[in-house]
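The following explanation leads through one protein structure, beginning with its interior and ending with a single helix. The reader is invited to keep the sequence and the coordinates in view throughout.

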Amino acid sequence: MVTTIQSMRTIVENELQLHGYTPSQFSELAGIRIEQLDYPRSVTIDQLDKIASVLGHDPGWLYELYLGQCFLNDKLTCSQQFSLAESLFEQGKKKEAIPLYRQIVDNGNTEDPQYVMSQFRLFQSLIGTGVEENREAVFRFETHYKHLPEDVRLDALLQMANVYYTFERWDKVGQYADELKELATVIYEKLINRELYKPLQTERHLVVYYGQGCLMKGVALTKLEQYEEAKRCVQEYSDLSWFQGLDEVGKKEVEKFRVWGKGNALILELNTGNLKVLPELSAYLEEYPNQILPSLSVVMRAANRYHFSVDAILAKFEKRIPSVGKIYDHINGTQLFHFWYEKVIYSFKRGGKHQALNELIHALGLAQKLRYYSGFERCVSLFWKHVDHATEQQKKEYEKILEGVSV
């Protein structure tokens with residue numbers, strides 16, 4: 001973006017000279033007279049993007065300058081702020097959009113649709129891989145989501161369920177999963193009865209929201225050890241071919257749920273102590289390697305619970321577990337931590353204390369990077385339980401991580 005030292009008009013006039021355009025040529029190409037740039041409230045976001053395109057720049061080139069001029073010379077209306085924030089958000093510039101959404105929230109009318117959408121955008125912009133920042137974001141937002149339009153609410157419910165997953169509130173995950181499935185069903189029935197007259201404004205195909213409602217409910221029930229109920233959820237999302245109006249994208253999504261259902265059915269068997277499924281699960285992971293992380297975190301937990309060896313499956317897949325640097329999703333981040341934490345317990349039980357302590361230090365570092373403080377505390381407690389077996393080097397690495405947290 002350009003700086004706010006010069007006015008928009010000065011910047012654009014300099015660009016016109018570089019491109020050899022006269023003011024009249026610019027007016028014809030951009031659909032705006034150059035004099036209008038002196039009065040930012042008269043300029044729309046679409047016109048800013050058109051100017052950028054005419055002068056060979058990316059959309060958003062003039063946004064920072066536009067904002068600076070508006071706040072120096074005049075005030076943007078709430079609608080102008082919202083329009084600009086949405087343009088920034090759609091371009092992936094969430095950090096730049098946050099101050100605008102905050103201003104709308106601070107000064108807007110709580111019944112205004114733009115106010116409610118701004119609350120949702122703030123929530124989307126603030127969630128990340130850190131558990132505590134997710135907690136703050138969802139607590140701030142969840143009193144507003146019911147005022148969103150139905151189709152937008154689908155995305156809100158899915159994201160809230162995912163965020164509650166990161167701090168293991170399985171009651172909340174189940175609650176929002178139920179709401180998600182119910183709302184997706186309502187919208188689906190309106191669609192097939194031709195009661196909707198405009199396209200859905202959703203990030204994903206409608207079948208995704210129905211399937212995720214079933215899937216997240218199954219996850220919550222599994223974590224609460226209600227395995228028989230969880231199995232019914234798995235059966236429900238394993239075959240969504242009955243869903244009407246599936247295009248190619250929808251069919252691919254249905255196939256994803258089939259694959260997840262196959263794996264989760266095996267995981268549920270393992271959770272109830274059925275070790276006979278391990279060879280089938282190994283073959284499944286070989287066929288679908290993107291399921292290695294979520295599956296192995298559960299494999300380790302089951303191994304610790306039922307005291308059986310998973311050395312063979314670890315030797316085959318452990319090196320294919322991603323590093324924290326390749327984790328960009330808060331759910332995958334917590335799955336990565338839980339894999340290593342359960343692996344630590346597994347190693348301690350099997351007598352490899354030196355290896356277990358190395359893995360524990362690794363898990364501690366993961367918790368630090370993910371800002372997963374409850375996991376961090378568990379690692380600290382476990383380290384001190386076994387500190388007598390730690391080498392001087394391991395103690396130094398442990399202290400170095402602690403120093404990083406306290407800075």
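In this predicted model, the largest nonpolar core comprises 141 residues, among which Ile 51 and Val 310 touch the most other members. Helix H11, residues 206-223, contributes the largest share of this core, namely eleven residues. The surroundings of Val 310 can be listed explicitly: when residues up to four places away in sequence are not counted, Val 310 touches Leu 278, Val 299, Met 300, Ala 303 and Tyr 346.

The overall architecture may be considered next. The protein contains 20 helices and zero strands, and its C-alpha trace spans about 80 × 60 × 40 Å along the principal axes. Of its 407 residues, 50% count as buried. Contacts between residues at least 6 apart in sequence can be divided by separation: 63% of them join residues at least 24 apart.

The surface and the charges complete this general description. The protein exposes about 20,500 Å², and carbon and sulfur atoms supply 50% of that area. There are 48 positive and 55 negative charges, and the mean positions of the two sets lie 6 Å apart.

Attention now turns to an individual residue. Arg 9 belongs to helix H1, which covers residues 8-19. Is Arg 9 buried, exposed or partly exposed? Its relative accessible area is 23%; because buried means under 20% and exposed means over 50%, Arg 9 is classed as partly exposed. Along the chain, Arg 9 and Ile 34 are 25 residues apart, yet their C-alpha atoms are separated by 6.7 Å. Ile 34 is also one of the residues that Arg 9 touches, together with Glu 35, Leu 37 and Asp 38, again not counting residues up to four places away in sequence.

Helix H18, residues 353-370, permits a check of geometry. What span should its 18 residues have at 1.5 Å a residue? The expected value is 26 Å, because the rise is multiplied by one less than the number of residues in the helix. The end C-alpha atoms of H18 are 25 Å apart, which agrees with the expected span.

The buried residues of H18 include Ala 356, Leu 357, Leu 360, Ile 361, Ala 363, Leu 364, Leu 366, Ala 367 and Leu 370. Glu 359 and Gly 365 are buried in this helix as well. After H18 comes Arg 371, whose phi is positive, near 55°.

Terms used:
Residues are numbered from 1 along each chain as its sequence is written. This is a predicted model: local features need pLDDT of at least 70, side-chain atom pairs count only at pLDDT 80 or more; totals for chains, interfaces and linings use all residues. Side-chain values use heavy atoms; hydrogens and water are left out. A nonpolar core is a set of buried Ala, Val, Leu, Ile, Met, Phe, Trp, Tyr and Cys residues joined through side-chain atoms within 4.5 Å. Buried means under 20% relative accessible area, exposed over 50%, partly exposed in between (1.4 Å probe, protein chains only). Helices (H or I, at least four residues) and strands (E, at least two) are DSSP runs, numbered from the N terminus. Contact means heavy atoms within 4.5 Å. Accessible areas come from the Shrake-Rupley method with a 1.4 Å probe; for residues, only the protein chains shown count as cover. Lys and Arg count as positive and Asp and Glu as negative; His and the chain ends are not counted. The place of a charge is taken as NZ of Lys, CZ of Arg, CG of Asp or CD of Glu.
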